[in-house]
Amino acid sequence: TEETQEWLQQYVDDWVTFYRKNTDDGELASYIPELQKADPNALGIVIRGNNGMTLRSGDTGEQFTLQSISKAITFIVACMERGVSYMLNNVDVEPTGEAFNSIMHLEMKQVKKPLNPFNNAGAITVTSTLPGTTSDERLEPVFQLLENMFGHRLKLNHAVYESERKSSTRNRAIGYYLLEVGFLESDLDVTLETYFKQCSIDVTIDDLARIGQVLANDGMDPKNGEEIVPRQIARITKVLMLTCGMYNASGKFATYVGIPAKSGVSGGILAAVPPRVRDDTMPFIDGCGIGVYGPALGEEGNSVAGIRLLRHIATQWDLSIF
Ligand code: GLN
């Protein structure tokens with residue numbers, strides 16, 4: 001009801017105001033210079049519930065780039081294009097406990113493939129399996145899937161793309177290593193170009209909340225029951241979000257928040273709260289998608305205020321999937 005929406009909105013507004021002042025220990029990502037232009041104190045959230053109720057609070061109008069959140073999208077698209085078993089033969093589903101851009105696990109003898117699609121090595125491997133010869137051809141199904149969800153086409157942020165490309169020594173090193181051990185399926189340069197572009201797609205937290213809602217509902221659009229992402233792929237993606245989505249802070253996030261989520265170094269977090277049977281009074285938050293933006297990052301590369309806000313909301317509203 002309207003009344004419920006009003007008091008929920010009041011709560012969210014208060015929490016956003018509180019956590020916005022809580023970014024001092026965070027820093028903007030510095031290794032991609034263009035990301036330094038963000039306002040470190042920005043914080044916004046959008047929560048989209050299955051019953052059609054949407055809560056929006058704080059800096060909801062900001063555009064920012066997908067960065068690592070794109071790893072979830074390209075994994076979904078690659079599974080849709082190449083098949084789940086094919087993809088799982090090429091990349092494992094095990095958390096690493098290492099930083100997102102770590103190269104260490106690739107060197108271990110027993111490792112026959114990158115450990116998961118959500119660290120850079122695994123994501124670059126996934127991107128190398130996308131069909132098409134140019135980076136734009138490879139990204140087309142990615143843009144298509146996103147357009148199916150939003151009803152409008154997203155755009156590339158050229159400034160971030162250029163910035164990312166120019167400061168890409170680490171990702172190139174990972175790429176060359178993948179090439180050396182035979183994990184890459186197609187041309188390295190095109191693969192890296194595709195990867196930098198997928199990271200540089202501009203979104204808003206409304207967009208992230210929408211993706212989260214589709215994933216929360218196992219790939220289905222709750223409005224009309226239409227399948228946007230096949231159920232099995234949506235489920236595996238949520239498993240990966242829970243186990244690897246927050247880099248080497250995934251265990252802590254699962255412990256304190258308990259929701260499948262994927263972060264990016266621009267400060268975005270995409271979260272999916274699956275519906276579950278409950279006896280409480282807040283059916284609206286069942287099966288909801290959440291988008292958060294707060295560009296000041298902690299040590300592991302996740303939004304500091306964003307994580308605190310999500311932890312608070314998950315605790316107050318009992319959103320943990322466990
Ligand atoms: N574009 C970034 C990179 O490859 C994405 C990393 C991230 O968001 N953690 O380094």
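# A walk through a two-domain model

Start with the whole chain on screen: among contacts between residues at least 6 apart in sequence, 69% join residues at least 24 apart. Keep in mind that this is a predicted model. Switch to a cartoon and you should find twelve helices and seven strands. With the C-alpha trace alone, the chain spans about 60 × 40 × 35 Å along its principal axes. The radius of gyration is 18 Å, which agrees with the value near 20 Å that a compact globule of 322 residues would have. If you colour by burial, 50% of the 322 residues come up as buried.

**Stop 1: the two domains**

Give 2–66 plus 203–316 one colour, which is domain 1, and 69–199 another, which is domain 2. Drop a pseudoatom at the centre of each, using C-alpha atoms, and the centres of domain 1 and domain 2 turn out to be 22 Å apart. Now pick out the contact: 32 residues of domain 1 take part, along with 29 of domain 2.

Which elements of domain 1 each supply at least two residues to the side that touches domain 2? Select H9, helix H10 (231–244) and S6. H10 gives the largest share of that side, nine residues. Colour this face of domain 1 by residue class and you get 18 nonpolar, ten polar and four charged residues.

**Stop 2: the five-stranded sheet**

Next, bring up the open sheet, whose five strands come in the order S2-S1-S7-S6-S5 with antiparallel pairing. At the edges sit strand S2 (54–58) and strand S5 (261–263), each of them pairing on one side only. From one strand to the next, the twist averages 10°. Turn on hydrogen bonds while you're here: strands of a sheet pair through backbone hydrogen bonds, either parallel or antiparallel.

Zoom in on strand S1 (residues 44–48) and look to both sides. On one side is strand S7 (residues 288–293), antiparallel to S1 and paired with it over five bridges. Label Arg-48 and look across to S7, where Gly-289 stands opposite. Then show helix H9 (residues 205–216), which packs on the sheet and touches S1, strand S6 (268–273) and S7. The direction of H9 makes about 150° with that of S7.

Back on S1, swing round to S2: these two strands also run antiparallel, joined by five bridges. A handy pair to label is Val-46 and, opposite it in S2, Arg-56. Follow the backbone through the hairpin of S1 and S2, with five residues between the strands, and stop at Gly-52, where phi is positive, near 95°.

**Stop 3: two positive phi values outside glycine**

Most residues other than glycine have a negative phi. Two residues to check against that are Tyr-247 and Asp-318: Tyr-247 has a positive phi of about 55°, and Asp-318 has a positive one near 55°.

Where does Tyr-247 lie? Look in the loop between H10 and helix H11 (250–256). Tyr-247 has 25 other C-beta atoms within 10 Å, so this residue is buried. For Asp-318, go to the segment after helix H12 (304–316). Is Asp-318 buried or exposed? Asp-318 has 11 other C-beta atoms within 10 Å, so the residue counts as exposed.

**Stop 4: Leu-115 and its contacts**

Now move to Leu-115, in the loop between helix H3 (84–90) and helix H4 (120–127). Leu-115 counts as buried because 22 C-beta neighbours fall inside 10 Å, and the cut-off for buried is 20 or more. Draw a C-alpha to C-alpha distance from Leu-115 to Val-91: 6.2 Å in space, with their positions 24 residues apart in sequence. Which residues is Leu-115 in contact with, leaving aside neighbours within four places in sequence? Show Asp-92, Glu-94, Thr-96, His-105 and Gly-122 as sticks.

**Stop 5: Glu-162**

Finish on helix H6 (residues 158–166), and select Glu-162 within it. Glu-162 has 14 C-beta neighbours inside 10 Å, so this residue counts as partly exposed. For a last distance, pick the C-alpha atoms of Glu-162 and Ser-200: they are 9.1 Å apart in space, and the two residues are 38 apart in sequence.

Key:
Residues are numbered from 1 along each chain as its sequence is written. This is a predicted model: local features need pLDDT of at least 70, side-chain atom pairs count only at pLDDT 80 or more; totals for chains, interfaces and linings use all residues. Two strands pair if DSSP finds at least two bridges between them. Helices (H or I, at least four residues) and strands (E, at least two) are DSSP runs, numbered from the N terminus. Axes are lines fitted to C-alpha atoms, for helices over the stretch in contact, and angles run from 0 to 180 degrees between N-to-C directions. Two residues are in contact if their C-beta atoms, placed from the backbone, lie within 7 Å. Domain bounds come from an automatic or database domain assignment. Ala, Val, Leu, Ile, Met, Phe, Trp, Tyr, Cys and Pro count as nonpolar, Asp, Glu, Lys and Arg as charged, and the others, Gly among them, as polar. The radius of gyration is taken over C-alpha atoms; the globule rule is 2.2 Å times the number of residues to the power 0.38. A residue is buried if 20 or more other C-beta atoms lie within 10 Å of its own, exposed if 12 or fewer, and partly exposed in between; C-beta atoms are placed from the backbone.
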